[in-house]
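Colleague: I would like to go through this model with you and ask, label by label, what justifies the words used for it. Could you take me through the reasoning step by step?

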Amino acid sequence: MKKRKLGIIDFEISPLGFGLMRLPRTNPNTQEIDYPLAEKMIDYAIKNGVNYFDTAWPYHDGMSETFVGDVLRKYDRSKIHIASKCPMWEVKSLDDVTRIFNQQLKKCKVDYFDFYLLHALNERSFQKVISLGVFDVLSDLKKAGKIKYLGFSFHDRPSILKKIVDTYQFDFAQIQFNYVDYEEYQSNKQYQILRDRNIPIIIMEPVRGGALATLNENARKVFLDYNPQRSVASWALRYCLSFDGILTVLSGMSNLIQVEDNIKTAIELNKLSKEELNLIETAKKIYRSSDTILCTNCRYCMPCPHGVNIPKNFLIYNEYRIHQDPEKFLSDYHHQLSDTEKSNKCVRCNECVSKCPQSLEIPKLLYKVSETIERITE
């Protein structure tokens with residue numbers, strides 16, 4: 001796997017990064033990590049050249065960072081690059097910044113983070129960064145050798161991104177980027193803002209929470225007819241890796257098959273041809289016509305104060321839109337969700353809206369799920 005070195009980043013980084021947000025779980029109803037399988041996936045990834053591992057305070061209900069400490073400590077620290085993030089929603093004072101940071105070091109069993117990010121910056125949280133002076137505290141930690149490179153992950157409008165990078169000098173930035181979001185989420189404009197300033201880019205959600213690994217039947221057919229030996233997911237990964245200025249592309253892998261396929265794609269990497277880019281555009285148009293909800297299952301909206309399982313409702317609905325099987329839709333809705341978790345229990349308190357990195361109008365979309373259920377059962 002040919003590694004990359006960009007900007008001021010003095011490390012050689014694998015083009016495929018391992019996102020530790022969607023590790024295999026012991027039970028689909030909890031966030032508890034299946035340690036034996038997850039460790040096997042990590043071992044395989046490292047053996048095949050992956051050296052960038054991305055965790056965060058909330059992943060797996062706080063258990064992802066602990067997993068990092070338990071599993072990665074057996075490897076040479078100088079060859080494993082670990083990233084974690086400052087959860088700005090938990091920060092009420094500067095003492096919280098250092099308290100959380102020290103807890104993260106302890107959980108990950110490390111003395112420093114290679115990459116440390118302000119997590120999920122948007123207009124509101126960036127104002128908190130400014131008003132509290134968070135950047136200065138993290139810069140001091142960097143000077144003390146506790147952080148090698150300081151950056152941020154971003155979920156907002158391009159104008160806010162421009163304000164962030166023109167206010168502080170960050171070493172890198174992490175943005176949501178894939179062939180659906182390129183225009184839908186204005187990822188193209190975000191990308192250009194960072195490229196204009198020579199800021200190394202880390203990509204998250206290249207497969208949009210797994211949605212671009214499955215698509216729908218007609219969209220999948222576009223890719224599989226062209227090359228049946230190449231996975232549908234590999235097209236999304238290659239798309240991201242084809243752009244200049246990309247340090248690494250994070251994939252939140254959940255099983256060994258995904259790890260093997262992504263590594264194969266990263267090793268055999270070659271830029272997309274014009275014909276292949278046209279195929280992606282065709283598949284994208286077909287997929288978007290299915291009217292799925294653009295949820296990435298990041299779970300930032302959870303827990304719902306009223307018990308609604310927001311991502312599960314959207315997942316079940318999207319499966320219906322993709323496969324058009326109303327009987328399965330009804331069965332999944334009534335059997336995979338408890339009564340309190342169902343979309344019709346939403347009271348439109350709107351607490352989830354401000355938490356959603358995709359800026360989805362969640363209550364309206366939950367109503368859409370409920371409305372669809374009612375229409376099918378009439």
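Modeller: Let me begin with a charged pair, keeping in mind that this is a predicted model: Arg157 forms a salt bridge with Glu123, and the closest N and O atoms are 3.4 Å apart. The two residues belong to distant parts of the chain, since Arg157 sits in the loop between strand E5 (147–154) and helix H6 (158–167) while Glu123 is in helix H4 (residues 123–132), 34 residues apart.

Colleague: What makes the pair of Arg157 and Glu123 a salt bridge?

Modeller: The term asks for a side-chain nitrogen of Lys or Arg within 4 Å of a carboxyl oxygen of Asp or Glu. Arg157 and Glu123 have their closest N and O atoms 3.4 Å apart, so the pair qualifies.

Colleague: Why is Arg157 called partly exposed, and why is Glu123 given that label?

Modeller: Buried means under 20% relative accessible area and exposed means over 50%, with partly exposed in between. Arg157 has a relative accessible area of 41% and is therefore partly exposed, and Glu123, with a relative accessible area of 37%, is partly exposed as well.

Colleague: Which parts of the chain are linked by the salt bridge of Lys368 and Asp291?

Modeller: The side chains of Lys368 and Asp291 meet at 3.1 Å, N to O. Lys368 lies in helix H16 (residues 362–377) and Asp291 in the loop between helix H13 (274–288) and helix H14 (310–323), so that the pair links distant parts of the chain, 77 residues apart. Lys368, at 25% relative accessibility, counts as partly exposed, and Asp291 has that label at 32%.

Colleague: How do you know that Lys364 is exposed, and what label goes to Glu361?

Modeller: The side chains of Lys364 and Glu361 meet in a salt bridge of 3.0 Å, N to O. Because exposed means over 50%, the relative accessible area of 52% makes Lys364 exposed, whereas Glu361, with 45%, is partly exposed. As for salt bridges that share partners, they join Glu39, Asp43 and Lys74 into one network, and the structure holds 27 salt bridges.

Colleague: Why are H1 and H12 called roughly parallel?

Modeller: Helix H1 (residues 35–47) and helix H12 (residues 256–267) pack with their axes 9 Å apart, at an angle of about 15 degrees. Angles under 35 degrees count as roughly parallel, and H1 and H12 therefore earn that description. The contact is made by Lys40, Met41, Tyr44 and Ala45 of H1, and by Leu256, Val259, Glu260 and Ile263 of H12. H1 passes H12 in a right-handed crossing.

Colleague: How do you know whether Asp54 is buried or exposed, and what does the side chain of Asp54 make a polar contact with?

Modeller: Asp54, which lies in strand E2 (residues 52–54), has 3% relative accessibility, and because buried means under 20%, Asp54 counts as buried. The side chain of Asp54 makes a polar contact with the side chain of Lys85 at 2.8 Å. Leaving aside neighbours within four places in sequence, Asp54 is in contact with residues including Phe18, Tyr59, Gln174 and Leu250.

Colleague: What makes Ile203 count as buried?

Modeller: The relative accessibility of Ile203 is 0%, and buried means under 20%, so the label follows. Ile203 has its place in strand E7 (residues 201–204), and beyond neighbours within four places in sequence, the residues in contact with Ile203 include Ile175, Phe177, Cys240 and Leu250. Ile203 and Asn178 are 25 residues apart in sequence, with 8.4 Å between them in space, C-alpha to C-alpha.

Colleague: What is there to say about the backbone at Lys109, at Ser359 and at Pro303?

Modeller: Most residues other than glycine have a negative phi, and most peptide bonds are trans. Lys109 is not a glycine, yet has a positive phi of about 55 degrees; Lys109 lies in the loop between helix H3 (94–108) and strand E4 (113–121) and, at 40% relative accessibility, counts as partly exposed. Ser359, also not a glycine, has a positive phi of about 60 degrees and is found in the loop between helix H15 (326–336) and H16. With a relative accessible area of 55%, Ser359 is exposed, because that label means over 50%. The peptide bond from Met302 to Pro303 is cis, with omega near 0 degrees, and Pro303 has its place in the loop between H13 and H14.

Notes. Residues are numbered from 1 along each chain as its sequence is written. This is a predicted model: local features need pLDDT of at least 70, side-chain atom pairs count only at pLDDT 80 or more; totals for chains, interfaces and linings use all residues. Side-chain values use heavy atoms; hydrogens and water are left out. Helices (H or I, at least four residues) and strands (E, at least two) are DSSP runs, numbered from the N terminus. Buried means under 20% relative accessible area, exposed over 50%, partly exposed in between (1.4 Å probe, protein chains only). A polar contact is a pair of N or O atoms within 3.5 Å; within protein, one must be able to donate a hydrogen and the other to accept it, and residues adjacent in sequence count only if both atoms are side-chain atoms. Contact means heavy atoms within 4.5 Å. Axes are lines fitted to C-alpha atoms, for helices over the stretch in contact, and angles run from 0 to 180 degrees between N-to-C directions. Angles under 35 degrees count as roughly parallel, over 145 as roughly antiparallel, 65 to 115 as roughly perpendicular and the rest as oblique. A crossing is left-handed if the near helix is turned anticlockwise from the far one by less than a right angle, and right-handed if clockwise.
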